[in-house]
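Visitor: Could you walk me through what surrounds the ligand here? I'd like to take it question by question.

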Amino acid sequence: MSDCLFCKIIAGEIPSNKAYEDGQCLAFYDIDPQAPTHLLVIPKEHIPSCGVVTPENSAVVAHIFEVISRLTAQLGISQFRVVSNCGEAAGQSVPHLHFHVLAGRDMTWPPG
Ligand code: 5GP
Ligand code: ZN
């Protein structure tokens, strides 16, 4: 999508600090980290949120979780939180599906 921030990051129109990339997804460091390690993992296909995952587009979600497992292991991270905010009231500010990977500090529950 031409006016989507994360599609622009995928296209290289906006720079990012990349941690991993393949044909299906991109992992990069959040510009405003909420933990010592804060990655975002996004599909290259524009999917607006985890509220619109369907049988047609869900394979990339499984792939992203494989990437999260591999990447965290490579980074030496064994304890982490994966978050996907869906909708403004849930805290979503960028309408392109993304998974936050947060690590390096103790987490509280429930989230705010
Ligand atoms: P959301 O609020 O939608 O769950 O998460 C969006 C995330 O994108 C936020 O954590 C925010 O800091 C991050 N973000 C917004 N703009 C940029 C950017 O230009 N570059 C990077 N690396 N992260 C961004
Ligand atoms: Zn997009």
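Guide: Sure, and keep in mind that this is a predicted model. A handy way in is the shell around ligand 1, where helix H1 (5-11) and strand S2 (25-29) each supply at least two residues.

Visitor: Which element gives the largest share of the shell around ligand 1?
Guide: Two candidates to look at are H1 and S2, since each supplies at least two shell residues. The largest share is three residues, and the element they come from is H1.

Visitor: How do the residues of that shell divide into nonpolar, polar and charged?
Guide: There are 16 residues around ligand 1, with Asp30, Asn85, Ser93, His98 and His100 coming nearest. Sorted by class, the shell holds eight nonpolar, six polar and two charged residues.

Visitor: What distance separates a polar side-chain atom of Asp30 from an oxygen atom of ligand 1?
Guide: Asp30 is among the residues that come nearest to the ligand, and so is Asn85. For Asn85, an N or O atom of the side chain is 2.8 Å from a ligand oxygen. Tyr29 uses its backbone instead, with a polar atom 2.9 Å from a nitrogen of ligand 1. For the Asp30 side chain and a ligand oxygen, the distance is 2.5 Å.

Visitor: How much of the area that ligand 1 exposes when taken alone does the protein bury?
Guide: Start with the ligand by itself: taken alone, ligand 1 exposes 520 Å². The part of that area buried by the protein is 84%.

Visitor: What is the volume of the largest pocket?
Guide: That pocket is the space taken by ligand 1. Its volume is about 690 Å³.

Visitor: And which residues lining it are closest to its centre?
Guide: The lining has 32 residues, divided into 16 nonpolar, twelve polar and four charged. Elements giving two or more of them are H1, S2, strand S3 (37-43), strand S4 (80-83) and strand S5 (99-103). Closest to the centre are Asp30, Gln34, His38, Leu40 and His100.

Visitor: One last thing: which peptide bond is cis, with omega near 0°?
Guide: Look in the segment after S5, where Pro110 is found. The cis bond leads into that proline, running from Trp109 to Pro110.

Definitions and conventions. Residues numbered from 1 in each chain as written. Chains lettered and ligands numbered in written order. Predicted model: local features only at pLDDT ≥ 70, side-chain atom pairs only at ≥ 80, totals over all residues. Heavy atoms only, no water. Near = heavy atom within 4 Å. Polar contact = N/O pair within 3.5 Å; in protein donor to acceptor, adjacent residues only side chain to side chain. Areas by Shrake-Rupley, 256 points an atom, 1.4 Å probe, with all protein chains shown as cover. 1 Å grid on protein atoms, 1.4 Å probe; cavity = no way out; pocket = protein on both sides within 12 Å on 5 of 7 lines; lining within 4 Å. Sits in = over half its atoms within 2 Å of the grid points. Helix = DSSP H or I, 4+ residues; strand = E, 2+ residues; numbered from the N terminus. Nonpolar A, V, L, I, M, F, W, Y, C, P; charged D, E, K, R; others polar. Points joined across faces, edges and corners; volume = space filled by probe spheres on them.
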